[in-house]
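Thanks, everyone. Let's look at the structure together, then go through a sheet and one glutamate.

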Amino acid sequence: MSKIFRNMSLSSKLNTTTFTTQMLLLVILVVITTIMLFSMTARIGQQRVFQEAYLLQQHFTENEQQVMVNTKRVALINDLITAVALGDVKNIKTASLIGIGTVNLDNISIVDANGERLLTNNITGGEINSDDEDDLFKLGLLGIEKTGVLIDNESGEFLLSAVVPIRESSGQIIGALLANRRVDEAFLNSLNFDRQDINIGLVHDNQLFATTYSQGVDGEPGDPEIGFIDFNDLLESPALKQALGGQTIINEDLLPGFQNNAQSLGYVPLEIGGKAEAVLIIQNRIDELRTLQRQLIITLVVTVLGLSILAWLVNTLFLRRQIIGRVEQLNTAVEAVSLGNFDTSLPPDQPDEIGQLTYNFGQMTDQLQHSLNLLNERNHAITTSTNISRSLSSILDSDILFPEVVNQIKQELNYYNVLIYMFDEQREEMVLVASTGEAGQALLDSRHKITQGKGLVGRAYDTKSTILISDVAEDEGWLPNPLLPDTKSEIAVPIVLSDQVLGVLDVQQNETGSLTEVDAQLLELVASQVAIALRNAQLFENAQTSVRREAIANSIGQKLQTAADIESVLQIAAQELGKALKTQRATVQLGTMTRDENGHH
């Protein structure tokens, strides 16, 4: 080979050396870029799965808490308490059927104070391990409210369970109520907001109980080979055992799915009743980043070939130096981009092959930066929604809830103004209940309201859909407010619970086009959390009212039993009713009934 090279002409030697050097340089460039892109994609996938794992844990905990709230609500039904006290099985079944129809529970069981079964799985009729049920019932009869896990042996379903004591008005425990909710595909999809790029599997005791596999694309039936790994292949993973110990495990490397779709993998422990009972296996497809990665690699490979041919043809020192200099500059830019620096300078644009490479690389860099910006915006939206959801979960007073929501949104996202309207059915108006800043307080002081159907708020209420206006000046139905003169764009999101619109979350910004679909998706998540918090507050208020009324009635009844005559009975009744109703004076009048000339009393 060296003899052949020595016998070449100077021009051939120059061309051969240039070609070989250029090829080696560009091959190294492609290899380094490919390795860095794979590493960067893996890191992004890990970050995505970790954030999704945290969000899913929060949603599952909220559902566990909701099962307990619903169970307690059924246990407070007066007809059910009376039937349990009497041991009336027929009325127990009737009252439980009525009660369970108002809450999101699948089946219930009831025992009396001696642990004897009065009602067993009256909804599904499934067969559950009696020992596991008995353990929960024992806790309920001791006055302990507890959540746990049961397995339906007949259907093979995983049940999220809660047990509460059944108490008479005196506080005496007369039995216990155990309620269950199935953790199935629909349950997992609700945790995941029916997203197509994430698949979830629920594992308990090394057995797969539910997945979102059958969820199809665009409403079509799902396919196990839609791009995810079969969960059964992951049941023997050591990470699964680590997750059962309470540790979230994120796979370090991306895994190839069907048709070579890249996906990241995580194992998330689920604590139920304070114990790690199950694991969620999360598969997150990152097809858009892998596609962008392939496009960039292909572009670089094609450019390598073009530059190699160009280097073979170019034989002057000036052109050779110019090419090498520009390639080195491009190489520096590629390395900078791979390290996350998208503001690096590119070689001057020239109408040749390197210029085309520079243009393609710039296009790919812009696309990658755009994808990463979208990812960061979504991550910020998830974090903000999680923070707000965590804050709202403990608020059971709507007077505190509304100001907390608008202030948190204002603080987290720096919007111009945030408002919440609630619908007044009697006046058919949207009434302002919370707003931010001095202008918001002025609106509240003036009892600001919007007629149903007017403005963006009225339109969102009527259509039950989010209204996004990037430039309010171009919307004919927009209602200006003199206290908010700088409003340039606006989003109105309905607060919907069980297909009923309770109110509207309204956000205004002082820059045209500054509100986007990302803002709309975030505010929709927040609105759904507000609806859930409102429902929880109403349930809590109803329960508190029921308990207070029971206590007042029981107290008056006990005092009336001590009365020696009718006069004492009336006096005690008047006094106690006056105290309960907080009136200065209460009287009881006795008289005979008379009839008028028409025979009416």
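Two strands pair if DSSP finds at least two bridges between them. Helices (H or I, at least four residues) and strands (E, at least two) are DSSP runs, numbered from the N terminus. This is a predicted model: local features need pLDDT of at least 70, side-chain atom pairs count only at pLDDT 80 or more, and totals for chains, interfaces and linings use all residues. Residue numbers start from 1 along each chain as its sequence is written, and side-chain values use heavy atoms, without hydrogens or water.

First, the sheet. β16 (489-497) and β17 (500-509) pair antiparallel over nine bridges. One bridge joins A492 to D506 in β17. Both strands belong to an open, antiparallel sheet of six, ordered β14-β13-β12-β17-β16-β15. β14 (449-451) and β15 (467-469) are the edges; each has a single partner strand, so one side of each lacks a neighbour in the sheet. Strand-to-strand twist averages 25°. Angles run from 0 to 180 degrees between N-to-C directions, with axes fitted to C-alpha atoms, for helices over the stretch in contact.

Now the helices. α12 (437-445) packs on the sheet and touches β12 and β13, where contact means heavy atoms within 4.5 Å. α12 makes about 140° with β13. α13 (455-463) lies across β12, β13, β14, β15, β16 and β17, at about 150° to β15.

Last, E64, in helix α2 (10-75). What does the E64 side chain make a polar contact with? The side chain of T147, at 2.6 Å. A polar contact is a pair of N or O atoms within 3.5 Å; within protein, one must be able to donate a hydrogen and the other to accept it, and residues adjacent in sequence count only if both atoms are side-chain atoms. Beyond four places in sequence, E64 touches T147, L160, E271, I272 and G273.
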